Amino acid sequence: MFGRAPRSTQIHVFGKTDLGRARDHNEDRFLVADLSRQQASLLPHVREHEVGEHGSLFVVADGMGGAAAGEVASEMATDTIYAHMLQAWGEEPELTPQRFAYRLREAVEAANTHIHSYSTANPELRGMGTTSTAAGVLGDHVFLTQVGDSRAYLVRNGVAYQLTKDQSLMQRLVEAGELTEEEAAHSDRKNIILQALGPDPKVKVDLTYQELRQGDVLVLCSDGLTGQVTKEEIGAIAGAEPDLPTACDRLIALANERGGPDNITVIIARFDGDALRAAEAGDTPGHSVYPLIDTETSTVPVPVYRGSPAPVPVKRTRWGALLILAIAATLVGVGLYLAGPRP
């Protein structure tokens with residue numbers, strides 16, 4: 001009997017970054033890599049490849065920190081995540097989705113440690129940071145790590161679904177019912193993020209996953225795009241435009257037409273192959289936390305990023321101090337009475 005050919009997942013991918021209309025330098029970085037062949041580029045053999053046993057990796061990072069610090073942070077993030085996946089995941093004896101997800105989150109944590117240590121050793125870069133949205137594809141699943149407010153969308157049948165949650169003040173207020181999504185999108189405080197890679201020695205990474213379907217399109221982008229282009233527009237362009245470089249150009253051009261106040265970065269990846277099932281009615285993607293088995297490495301809710309907290313002084317009121325003195329005096333008096341001579 002003839003053996004059946006192994007099932008495969010095919011990727012067509014392209015990425016682009018743009019200065020925008022208001023900035024004088026670009027602090028965004030992105031990375032497209034075939035981890036099985038250990039190649040990161042936009043050369044033809046990476047732009048179109050079959051997902052191998054070690055998977056594929058896409059990263060968008062939006063740096064911050066003034067002067068050249070943001071550029072340094074975002075470049076360190078993409079380089080460190082890629083290098084860690086090549087080494088740690090490349091030497092992993094268990095090529096399972098569980099270990100892949102763990103190594104991906106570990107790579108983001110390693111990037112945070114590297115950026116924080118570097119900025120601490122270089123005072124002129126102190127406080128620099130970057131967002132990071134990293135997507136790892138293995139088999140028929142995509143795994144995502146999130147820090148900050150860059151985003152990942154999955155476009156299915158022309159409709160864009162947000163896979164990541166912004167780690168931002170506005171997202172917290174929307175979830176608390178204090179603001180609508182429309183109000184948050186137009187708020188003056190929409191750029192306040194609660195967490196970034198670099199400012200603190202530890203970071204909480206949001207780890208999620210999604211099963212892919214034939215024809216799905218993954219979009220990773222910085223807030224330079226999402227601040228100007230709606231989710232519906234992203235879905236319409238990325239879902240309908242067959243040429244991925246053209247799709248990237250159209251999205252960036254739309255953001256620039258609306259002012260281009262920030263750097264703009266987008267990666268678009270289209271998936272196909274017989275390893276993927278056809279999309280069915282009711283297959284609705286969304287934010288889905290990946291449950292790591294080891295409880296010590298499970299994803300926990302993202303805390304509010306506050307930096308290193310200042311010491312909190314103990315507050316005492318004047319009446320509280322008088323009460324303490326009165327109690328002390330009473331105890332001393334009782335002690336003297338008990339210790340004194342008895343009649």
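This section describes the fold, the core, the salt bridges and the largest pocket of a predicted model.

The protein comprises 343 residues, of which 46% are buried. Its secondary structure consists of nine helices and 13 strands. Among the contacts with a separation of 6 or more, 76% are between residues 24 or more positions apart.

Six strands form an open sheet in the order β4-β1-β13-β12-β9-β10, and their pairing is antiparallel. The edges are formed by β4 (48-50) and β10 (159-162), each of which pairs on one side only. From one strand to the next, the twist averages 25 degrees. At the β4 end of this order, β1 (residues 10-18) is joined to β4 by three bridges in the antiparallel sense. Within this pairing, histidine 12 has glutamate 48 in β4 as its bridge partner.

Strand β12 (217-221) pairs with two strands of the sheet. Five bridges join β12 to β9 in an antiparallel arrangement, and five bridges, also antiparallel, join β12 to β13. On the β9 side, leucine 154 has leucine 218 of β12 as its bridge partner. On the β13 side, valine 217 stands opposite arginine 270. Five of the five residues of β12 are buried, and the strand is therefore largely enclosed by the rest of the structure. Both of its faces are covered, with Val217, Val219 and Cys221 buried on one side and Leu218 and Leu220 buried on the other.

Helix α7 (residues 231-240) lies across four strands of the sheet, namely β9 (151-156), β10, β12 and β13 (264-272), and runs at about 55 degrees to β9. The buried residues of this helix are Ile234, Gly235, Ile237 and Ala238. The elements covering these residues include the strands β9, β10, β12 and β13 together with the helices α6 and α8.

The structure holds 14 salt bridges. One of them is formed by the side chains of aspartate 249 and lysine 16, with an N to O distance of 2.5 Å. This pair links distant parts of the chain, since aspartate 249 belongs to helix α8 (residues 244-257) and lysine 16 to strand β1, 233 residues apart. Aspartate 249 has a relative accessible area of 34% and is therefore partly exposed. Lysine 16 is also partly exposed, with a relative accessible area of 30%.

A salt bridge is also present between arginine 23 and aspartate 262, whose closest N and O atoms are 3.4 Å apart. Arginine 23 is in the loop between β1 and β2 (28-34), while aspartate 262 is in the loop between α8 and β13, so the salt bridge ties together parts 239 residues apart in sequence. Arginine 23 counts as partly exposed at 37% relative accessibility, whereas aspartate 262 counts as buried at 14%.

The side chains of arginine 213 and aspartate 283 form a further salt bridge, at 3.0 Å from N to O. Here the linked parts of the chain are 70 residues apart: arginine 213 lies in the loop between β11 (206-211) and β12, and aspartate 283 in the loop between β13 and α9 (318-339). Arginine 213 has a relative accessibility of 6% and therefore counts as buried. In addition, salt bridges with shared partners join Glu92, Arg99, Arg103 and Glu106 into one network.

The largest pocket has a volume of about 1200 Å³. It is lined by 37 residues, and those closest to its centre are Arg151, Tyr153, Asp166, Ala185 and Thr226. Two or more lining residues are contributed by each of the strands β5 (56-64), β9 and β10 and by each of the helices α4 (169-175), α5 (181-185), α6 (223-226) and α7. Helix α5 provides the largest share of the lining, with four residues. Some of these elements also appear in the sheet and its helical cover: β9 and β10 are strands of the sheet, and α7 lies across both of them.

Notes:
Residues are numbered from 1 along each chain as its sequence is written. This is a predicted model: local features need pLDDT of at least 70, side-chain atom pairs count only at pLDDT 80 or more; totals for chains, interfaces and linings use all residues. Side-chain values use heavy atoms; hydrogens and water are left out. Two strands pair if DSSP finds at least two bridges between them. Axes are lines fitted to C-alpha atoms, for helices over the stretch in contact, and angles run from 0 to 180 degrees between N-to-C directions. Contact means heavy atoms within 4.5 Å. A salt bridge is a side-chain nitrogen of Lys or Arg within 4 Å of a carboxyl oxygen of Asp or Glu. Buried means under 20% relative accessible area, exposed over 50%, partly exposed in between (1.4 Å probe, protein chains only). On a 1 Å grid over the protein atoms alone, a cavity is a set of points where a 1.4 Å probe fits but cannot get out, and a pocket is an open set with protein on both sides within 12 Å along at least five of seven lines; lining residues have an atom within 4 Å of a point. Grid points are joined across faces, edges and corners, and a volume is the space filled by probe spheres set on the points.
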